[in-house]
Structure formats: structure tokens, C-alpha cells
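This report looks at the overall fold of a protein model and then at the salt bridges within it. The sequence and the structure come before the discussion.

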Amino acid sequence: MRGALRLVLGDQLSLQLASLADLDARHDVVLMAEVAEEASHVPHHPQKLVFIFSAMRHFAEALRARGVRVEYVALDDPDNRGSLAAELRRWVERLQPASVQLTETGDWRVEQALRESGVAITWHADTRFICSRQAFARWAAGKRTLRMEFFYREMRKRTGLLLRADGTPEGGVWNLDADNRKPPGRALAGPLQPRFAADAITREVQALVARRFAAHYGRLEGFDYPVTAEEAERLWAHFLDFGLAAFGDYQDAMVAGEPYLFHARISAALNVGLLDPRRLCVEVEAAWRDGRVPLNAAEGFIRQVIGWREYVRGIYWLQMPGYATRNALGNRRALPAFYWTGQTRMNCLRQVIGQTLEHAYAHHIQRLMVTGNFALLAGIVPQQVCDWYLAVYMDAFDWVELPNTLGMLMHADGGYLGSKPYCASGQYIRRMSNYCEGCVYKVNESTTEDACPLNALYWHFLLRHRESLHKNPRMRMSYLSLERMSESKVEALWLRGEQLLAWLDAGEQL
Ligand code: FAD
Ligand code: SF4
């Protein structure tokens, strides 16, 4: 074959992909493969599998419509060799291409396997990100711990987003996070969501996933997500019109039965390449300049995308593979079974796990302060927590899931990514949600039989990690409160915490 073989992975579905930039449709071949290894190395939510396979198949069609020859290996193709490296070798042997072109992957494990596949590959930097792996490494060089806030300022300067002509930030401050924590109040509801009906391709994939992955947790039915760039555009336009204005105010709010509130719901589409992050941020800035949305909404959104999203990716590539094994707090407890079923009496966890199993979605604060906070307080092994997050969320890919879970949530990197553990008692959930209203536990009690388990677990966490955490200036207030408590109160909290953890270990329902 005279042309190049261009391998396109399931999270690289963009016509602007670096390794497709000089594609010559007369001679080149694009290879795409659904492989068992990627579909089952953790038990991915069935809707996540449907999303990725359907989006891949639609992307292959979009390339074919442009006259490109695509070799597409379906999961149930009898010749399928089961892994990306094996498929690449098979097609190189068969086609004998002049070169093999590939964009950097999103998963260290996959990139390693392809680099060791024995095939000579021309690698391209992933230009969908604003900060390259090398640029991030230069920024991080010599720093013992990193802070997103300083990285974010650099990114604002580099992109020019929300900057005045003299280079200072619009609004006079870089970060308006303090304005983004409004509690939900009574009867807060987000806008109606656009629907995306399954077409023939998606229905075929749903049948495949039902056949092959019946044992995976999560609901297969009810899939309602964009699988093409055009559909993703419709979801995005809807967010700009109906979600963004209140996104800032209610970013941290949680309401039973309202999984999305004013969140964009675009992360999965963004992560597989159906949307371009730079353009989204430019459009958000324009919405603010036109007076359609307040500054705390625009800044809050842009911070998530050019700040957090780029920051966690930089950390991932800088720290892998060692990062995945970190366990700085020495956790040893297994992930409770209710994470897979939602069967718990704690209403906050039941709501968030329930909606996760239903939609493969939870917003940031639900992931961090409900399922995450419990895992942190209970001392669950970080790697088991990471595997759960990687499996159950539609948008979960290793580069973004791992630093968020292991670093931000579990503090398992010893504070490299974030300055303090995001630990909280039930009071945080009472303030930011309406979950406590429907709970059998009493959120204002700590040591009684029906007291909110998170209260005693919170103090138990602080007590058992006093040695490593009490000097952290951002934990000072919490430890001061502990010091002001009577000995008998501290003793009662410790005993209740011990009892709850023993019940958890015995598999009893909390
Ligand atoms: P919105 O709230 O509307 O935010 C807009 C966009 O900002 C998101 O689509 C996303 O692209 C970006 N963003 C916001 N916060 C982050 C963040 N911390 N890191 C990276 N991007 C961010 N996001 C993923 O895309 N994949 C993951 O696997 C993932 N795992 C997470 C695990 C934990 C423990 C936590 C606390 C957060 C995780 N996040 C992950 C970040 C965040 O929860 C999701 O991006 C967000 O909930 C997606 O919903 P949305 O599109 O409605 O986001
Ligand atoms: Fe969650 Fe405690 Fe509130 Fe129940 S009382 S919903 S367990 S925070």
C-alpha cells in the first residue's frame, strides 16, 4: 500500500485530529477497532460502551462520506484479535503501509502497549489540548506540589480568555469560585434536556452490548446521548441558551431527581472529540461579553475547561505510571458492595449512585462530596475507588478520571494535586442538597443510633490522620474544633466511627 495507515482510537473522533491532518484519501487507510480488552478491563457501564461504539461507528461513516477508506473492526468480527496492539499488527501485516500514524492516547496503558507493539509508529501530539505534555512538564519542573490556580492563570494569559487589554482578569480577580456555591433552596430545577433518539447504528450497538456485557452494572435502556458531532453541537447550543446563565450560581448544588441541574453534560462528547474545548470557551466568553450570562458563570465554566481539565491531564502524563499506585493515607478497606447496586439507607449515596447507574452521569460535586467523600472518610483503597469511577461514568477515561479520583478525591498522592482532602460531615450535604430531607438518618446528630454516619466518620477520619494532616493550614479550623471538644465527646465520636467501619467491613447495610 502506498499510503499511510492511520489508527483512530475510540476517544479520538475528531476530523481535526493531528494524525488525520494530512490524510490523503486516495492512498491512506483509517483503521478503527472495537476490542474486548478496552471494553472489559474494568466493567464499564453499558451506556458508556454504547456511547463509545456508536460514536466510533458514526465517525467511520463520516469519514467514508468524505471518500476515506476505513477498515472498521467490530467487536464481534470473528477475526478480531481482542487488543489494539494485536489489531494494529494484523493490519500492518495485511496492508504493508508506507507509515503508521497515531495521535497520543488518553491512557498510559494503551500508549505503552502500542509503543511496545513492534510496529514503527509516527506519533502526533494531541492538539485538542491547549497545554502539551511537554509544556506542562516545563511549568511543573522544580515544584514539589502543584496548584491548579497558578496553572489556570497561565492558561488564561496564554489563551487571552476573559482578559482585559492590559492583561489583567475581567472582574478584577482570576477566580470567582466563592460566587459559585449557592445552595439549591426549595424546588430548584434545571432546564428540560434535549433528547437524542437511538438510530439504527445505536440500536445495533445496544443489542451487541446487551449480548456481550450483560454482567456489567448500570442500566442499558434509556440511552439518550449525542453520538455525532452534529448532535453534540445541539447539546452544546442548548446549554448556552438554557444552562450557562445559572451554571455559576448552582455549580455545587444537588437536588434529588435532578441529575443535571445547570450542568452542560458535555464531558463525554468533549473527551471523545465530538466537541472542541477551545471553541466552547470562546463562545462562553462571547455570551458574557454580549451580556447574556453573568461573569461568575462564564469564568466558572472556562476555569473547569482550560484550568482543571488541562491541569489533571498534565499531572497524569507527568506522573504515570507510578501515580496510579499511590496510597498516601495507607487505606486498606474494600469498596463497599453498595457502590455497584445503590442499596444503602444513606439517601445522599442512594441518590447519586442511583442516578449514576441510571444515566452514567453525576456532576462534579456529587462525585467529589457524596460518593467521593464517603470513600475518603471510610478509608477505601484508592485503586478500587478509581476502578469504580472509571467504570461507571460515561466520560471516564484514565487521563482525567485518575488524577481527579486518586489525587483530588482520595488525597492518595499526598497533596501533590490539591492542597487538602475534601472531607466533610453531613452538614455540607445538608447545606448543598435536599438529600437529608428524605433520609432515615438524622443529619444534626453524630453519635446516636440513627445519627448521620458521615458525621462520626468525618471526625474519625480527622482523628486517625491527625499526625499527617493537623499541620496543614487549610485543615486548621477543623482541628481547632476537635481540640475544643470534651474528651467524652471525642471518645463517643471515635467509638461510633469504629462501629460504623466494623459494620461496613462485615457487609452490613449502612
Ligand atoms: P460541567 O459541570 O458542566 O463542567 C463543564 C466541563 O468542565 C466538563 O464537561 C468537563 O469537561 C470540565 N471539567 C469540570 N471539572 C473538571 C475536572 N475536575 N476535571 C476535568 N474536567 C473538568 N471528568 C471527566 O471528564 N471524566 C472523568 O472521568 C471524571 N472523573 C471525575 C472523578 C471525580 C472523583 C471527580 C471529583 C471529578 C471527575 N470529573 C471527570 C470531573 C467532573 O466531575 C466532570 O467533568 C463533570 O461532572 C462532567 O459533567 P458536565 O459535562 O455536566 O460538566
Ligand atoms: Fe446523607 Fe447524612 Fe444527609 Fe442522610 S443525613 S442524606 S446520610 S448527609
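## Fold and salt bridges

In this predicted model, the protein chain is built from 21 helices and 5 strands. Its radius of gyration is 24 Å, close to the 24 Å that the globule rule gives for 510 residues, so the chain is as compact as a globular protein of that length. Taken along the principal axes, the box filled by the C-alpha atoms of the protein chain is roughly 80 × 60 × 45 Å.

Of the 510 residues in the protein chain, 59% are buried. Among the contacts in the chain with a separation of 6 or more, 75% are accounted for by residues 24 or more positions apart. The surface that the protein chain exposes comes to about 21,000 Å², and carbon and sulfur atoms supply 50% of that area.

Turning to charge, the protein chain carries 60 positive and 59 negative charges, and the mean positions of these two sets are 4 Å apart. A search of the whole structure finds 34 salt bridges, and the table gives three pairs with their N to O distances.

| Acidic residue | Basic residue | N to O distance |
|---|---|---|
| Asp126 | Arg128 | 2.8 Å |
| Asp249 | Lys182 | 3.6 Å |
| Asp505 | Arg333 | 2.7 Å |

In the salt bridge between the side chains of Arg128 and Asp126, both Arg128 and Asp126 are buried.

The salt bridge between Asp249 and Lys182, with the closest N and O atoms 3.6 Å apart, links distant parts of the chain, since Asp249 sits in the loop between α8 (229–247) and α9 (267–272) while Lys182 sits in the loop between α6 (148–159) and α7 (200–212), 67 residues apart. Lys182 has a relative accessible area of 40% and is therefore partly exposed.

For the salt bridge of Asp505 with Arg333, where the closest N and O atoms are 2.7 Å apart, Asp505 belongs to helix α21 (residues 487–505) and Arg333 to the loop between α11 (295–319) and α12 (338–341), so that this pair ties together parts 172 residues apart in sequence. Why does Arg333 count as buried? The relative accessible area of Arg333 is 19%, and buried means under 20%.

Beyond these pairs, salt bridges that share partners join Glu104, Glu111, Arg115, Arg133 and Arg313 into one network.

Key
Residues numbered from 1 in each chain as written. Chains lettered and ligands numbered in written order. Predicted model: local features only at pLDDT ≥ 70, side-chain atom pairs only at ≥ 80, totals over all residues. Heavy atoms only, no water. Salt bridge = Lys/Arg side-chain N within 4 Å of Asp/Glu carboxyl O. Buried < 20%, exposed > 50% of the residue type's maximum accessible area, 1.4 Å probe, protein only. Helix = DSSP H or I, 4+ residues; strand = E, 2+ residues; numbered from the N terminus. Rg over C-alpha atoms; globule rule 2.2 N^0.38 Å. Contact = heavy atoms within 4.5 Å. Areas by Shrake-Rupley, 256 points an atom, 1.4 Å probe, with all protein chains shown as cover. Lys, Arg positive; Asp, Glu negative; His and termini not counted. Charge placed at Lys NZ, Arg CZ, Asp CG, Glu CD.
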